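Let us walk through one chain of this model, taking its strands and helices in turn and then asking how far each part can be trusted.

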Amino acid sequence: MKLLDFAHNSEDGLMRMIGPHGLPGAMSLAYQYEDHPLYIADSYDSGYYLNPKALEISRSYPIPAPRKMLYFMTLDDPIVAPTREMMIAFMDEFKSKLPSGVEVEMLDAGHLYVMPDIPGNENSSNSLKSSFSLL
Amino acid sequence: MSCVNNQFRSVPVKVTTTDGFGNAFISKSTIDSSETSSSLTLSSKKLRDMVSLGKCEKKTAFMIPEFESFEIDVEVDGEKQRLQVESGVGDTIVKEEWRGEHVCNVFYPSTGGPFKVIIHTNGGVSLMQDARSQMLANLGYLVVEVGYNLPQYGQELIFLRQEMHLEYFEAIIRRALKHEKAYGEEVCFIGHSKGADLALFTSVACPGLVALTICSSGGFNAPVFLDSTYGDKRFPNAGRDLNDCLL
């Protein structure tokens, strides 16, 4: 099945993806191990669950071990997992096996959790009358 | 600010962020006046939270423009203040463009140095997303924003490649460390989304060059979409065959 089989035209002209059985989170279907999707669903009501076969294969992949790493995994992020529960369940696979120097933090945030255009350099206008100021 | 019957009152706050395309992202909230001083001070955390939660007033795809400038209008209890947000390029920081074999934008403070080096890879969209690099440069680092999926600069789309050669990032690290404003023999490599696995597996492949790796929101134990390679090492991907994604 092609990923774009899940794409649908929307009223605003944008193409959006809807997951199997009408579930949200189709983008995360891009994750698969040796042709086995990591997240699967049998019906709308059952929702997603981790594919045991994909998990089994995943366990054969070594956990990367850079010298020191902080990894922030986002929970409300359909790019990496269809639901926060799936993200937590998947990362639980690694929690007890993290190499020395590797830390993982789960963030209650979406994919672009830091607006990429947050101030690099901010200047407050002095021309406006103001009785408050920004720290 | 006023207190009514010795109780703090709720003060309305509205933050409107306008990007370089004129899209306005609006966020409304309240602050308890206990969060303010007598001069109604809005904390930077509150402001950042509100900017992050801003909703666009019209339906639009969430585009990430190459950073130019932003305006943030803050309204607290009916009083207004405007913040003009600039990158600092040409003022507090310097920008260099590398094109050709390496496609990078390099940022570092205008004065002082040398500076510790950060290598930064963003997500896989075909844009040079400079904002975070500019922010880090303003904090005192030499930051190399690495392009790897930019056909406008002669690069092959990642969706059409068979694999990603991590030697590309290694060469950029070595070049950055030779920069006249660079300090040290190691870098910090920061990556987001597709850039996260590039940072991660380059760090694994080149441990002598990367002292610290910071990743977010990407593949954890495997690259996404396409394999990464380094010499005869291959890091197999955990992503759908990209040909499968094409119509």
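In this predicted model, a convenient place to begin is the open sheet of chain B, in which 3 strands follow the order β12-β15-β16 and the pairing is mixed. The two edge positions are held by β12 (163-165) and β16 (233-235) of chain B, each of which pairs on one side only, and from one strand to the next the twist averages 25°.

Within this sheet, β12(B) pairs with strand β15 (residues 227-230) of chain B in the parallel sense, over 3 bridges, and the register can be located by looking at His165(B), which stands opposite Thr229(B) in β15(B). Helix α4 (residues 194-205) of chain B packs on the sheet, where the helix touches β12, β15 and β16 of chain B, and the direction of the helix makes about 25° with that of β15(B).

A second set of pairings can be followed from strand β10 (residues 115-121) of chain B. This strand is largely enclosed by the rest of the structure, because 6 of its 7 residues are buried, that is, have 20 or more other C-beta atoms within 10 Å of their own. To strand β13 (residues 182-192) of chain B, β10(B) is joined by 7 bridges, and these two strands run parallel; here Phe115(B) stands opposite Ala182(B) in β13(B). Strand β11 (residues 142-146) of chain B also pairs with β10(B) in the parallel sense, over 4 bridges, and the bridge partner of Ile118(B) in β11(B) is Val143(B). Between β10(B) and β11(B) the chain passes through helix α2 (residues 131-138) of chain B, making a β-α-β crossover that is right-handed.

It remains to ask how confident the predictor is in what has been described. Chain B averages a pLDDT of 84, with 84% of the residues scoring at least 70, while the model as a whole scores ipTM 0.81 and pTM 0.81. Where in chain B is confidence lowest, and where is it highest? The lowest mean, 40, belongs to strand β1 (residues 3-4) of chain B, whereas helix α3 (residues 167-177) of chain B reaches the highest, at 98. Two stretches of chain B call for particular caution: over residues 1-6 the pLDDT stays under 50, and the model has 7 contacts beyond four places in sequence for them, and over residues 61-66 the pLDDT likewise stays under 50, with 11 such contacts in the model.

Technical notes:
Residues are numbered from 1 along each chain as its sequence is written. Chains are lettered from A and ligands numbered from 1 in the order in which they are written. This is a predicted model: local features need pLDDT of at least 70, side-chain atom pairs count only at pLDDT 80 or more; totals for chains, interfaces and linings use all residues. Two strands pair if DSSP finds at least two bridges between them. Axes are lines fitted to C-alpha atoms, for helices over the stretch in contact, and angles run from 0 to 180 degrees between N-to-C directions. pLDDT is the predictor's confidence in each residue, from 0 to 100. A residue is buried if 20 or more other C-beta atoms lie within 10 Å of its own, exposed if 12 or fewer, and partly exposed in between; C-beta atoms are placed from the backbone. A crossover is right-handed if, with the strands pointing away from the viewer, the path from the first strand over the helix to the second runs clockwise.
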